[in-house]
Amino acid sequence: MKIISWNINGYRSAEKLGYLTSLLQEKQPDIICLQEIKMNEPFPNHYGYHDYYNYASKKGYSGVAVLTKEVPIKVQRFIGLEQFDTEGRFLLLEFEKFVLINIYIPHGGRKKENHSYKFGSINKLIQLVKKITKNVILCTDFNIAHTELDVKNYKTNYHNNMFSYEEREKIDELLQTGLIDSFRSLSREDHIYSMWPNGFHARERNMGWRIDYIFVSKKLEKNLKDVVYLENQLGSDHCPCLADIRIESY
């Protein structure tokens, strides 16, 4: 089963030149989780998938979507945090064999002014994951780089938003629930990033951050066939992460 997670940074802008269409045609994922769709209505093209959405109350802001070939048993759109739930940042789809979570964690602010909101969101996620008895597949723009391997200029970012010690400890807490970073379970390669800041030709120079993840339950580690970042995929300042997992059916 192929699963893609991608912060598309605006569905309309990404599809203006057909970038999502080309990705779906080339990779043919069973499930694709999209963050920051910036939509308040369904996509005009369903691409042959069953589609599920959580929109922000603010027009053209945030929002997540899941396109799946199979119909889920249950869909949940709220995590129990008022601001978070009004910003359309969460979708949970339960299938027979696993629970899929698509979540867009808040940025936190360049001066860390929104860290209490960011940490509160992560705490709610951790509480939720602890209660789930099925295997979990968690697709996310987590807005935190976990290790020094995941940031180009890590030495200058130890106290900055998205790489501060306290933020990185939140990923440690998430992993303590029984999840693993699927990419790191297969690779210790550095200079693999998922987001490149705008300006300074950051993407061309590969001055990036790996802040987008597919976390999976430890029990699924043996089922991982491959996890890759599609760094050449255009359409967003983020690139998709693709995980190929052996699961006989949903």
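## F95 and F98

In this predicted model, F95 has a relative accessible area of 1% and is therefore buried. F98 is also classed as buried, because its relative accessibility is 0%.

F95 and F98 form an aromatic pair, with 5.3 Å from centre to centre and 40° between the planes. This geometry makes the pair tilted.

## Aromatic pairs and a cluster

The structure holds 11 aromatic pairs. In one of them, the ring centres of Y11 and F43 are 3.9 Å apart and the planes meet at 5°, so this pair counts as stacked. The limit for stacking is planes under 30 degrees apart.

Y11 and F43 come from distant parts of the chain, 32 residues apart. Y11 belongs to helix α1 (residues 11-15), whereas F43 is in the loop between β2 and β3 (50-54). Both Y11 and F43 are buried. Together with Y53 and Y55, Y11 and F43 make up one aromatic cluster.

## Nonpolar cores

The largest nonpolar core has 33 residues. Those that touch the most other members are M1, I31, F98, L100, I137, V216 and I245. At least two residues of this core come from each of the strands β2 (31-35), β4 (64-68), β6 (90-94), β7 (98-104), β8, β10 (212-217), β11 (224-229) and β12 (241-245).

What does I137 contact, apart from its neighbours within four places in sequence? Its partners are M1, I3, F98, V99, L100, I101, I214, F215, V216, L220, I245 and I247. A second core, separate from the largest one, contains 24 residues, among them I79, I105, Y117 and I132.

## D141 in strand β8

Strand β8 spans residues 135-141 and includes D141. D141 is buried but has no salt bridge. How far away is the nearest side chain of opposite charge? That side chain belongs to R89 and is 7.4 Å from D141. Because a salt bridge requires a side-chain nitrogen of Lys or Arg within 4 Å of a carboxyl oxygen, R89 does not qualify as a partner at its distance of 7.4 Å.

The side chain of D141 does reach the backbone nitrogen of N143, at 3.0 Å. With neighbours within four places in sequence left aside, D141 is in contact with N7, Q35, I103, Y104, I105, I211, D212 and H238. One of these contacts, I105, is also a member of the second nonpolar core.

Technical notes. Residues numbered from 1 in each chain as written. Predicted model: local features only at pLDDT ≥ 70, side-chain atom pairs only at ≥ 80, totals over all residues. Heavy atoms only, no water. Helix = DSSP H or I, 4+ residues; strand = E, 2+ residues; numbered from the N terminus. Buried < 20%, exposed > 50% of the residue type's maximum accessible area, 1.4 Å probe, protein only. Lys, Arg positive; Asp, Glu negative; His and termini not counted. Polar contact = N/O pair within 3.5 Å; in protein donor to acceptor, adjacent residues only side chain to side chain. Contact = heavy atoms within 4.5 Å. Core = buried A, V, L, I, M, F, W, Y, C linked by side-chain atoms within 4.5 Å. Phe/Tyr/Trp six-rings, centres within 6.5 Å; stacked < 30°, edge-to-face > 60°.
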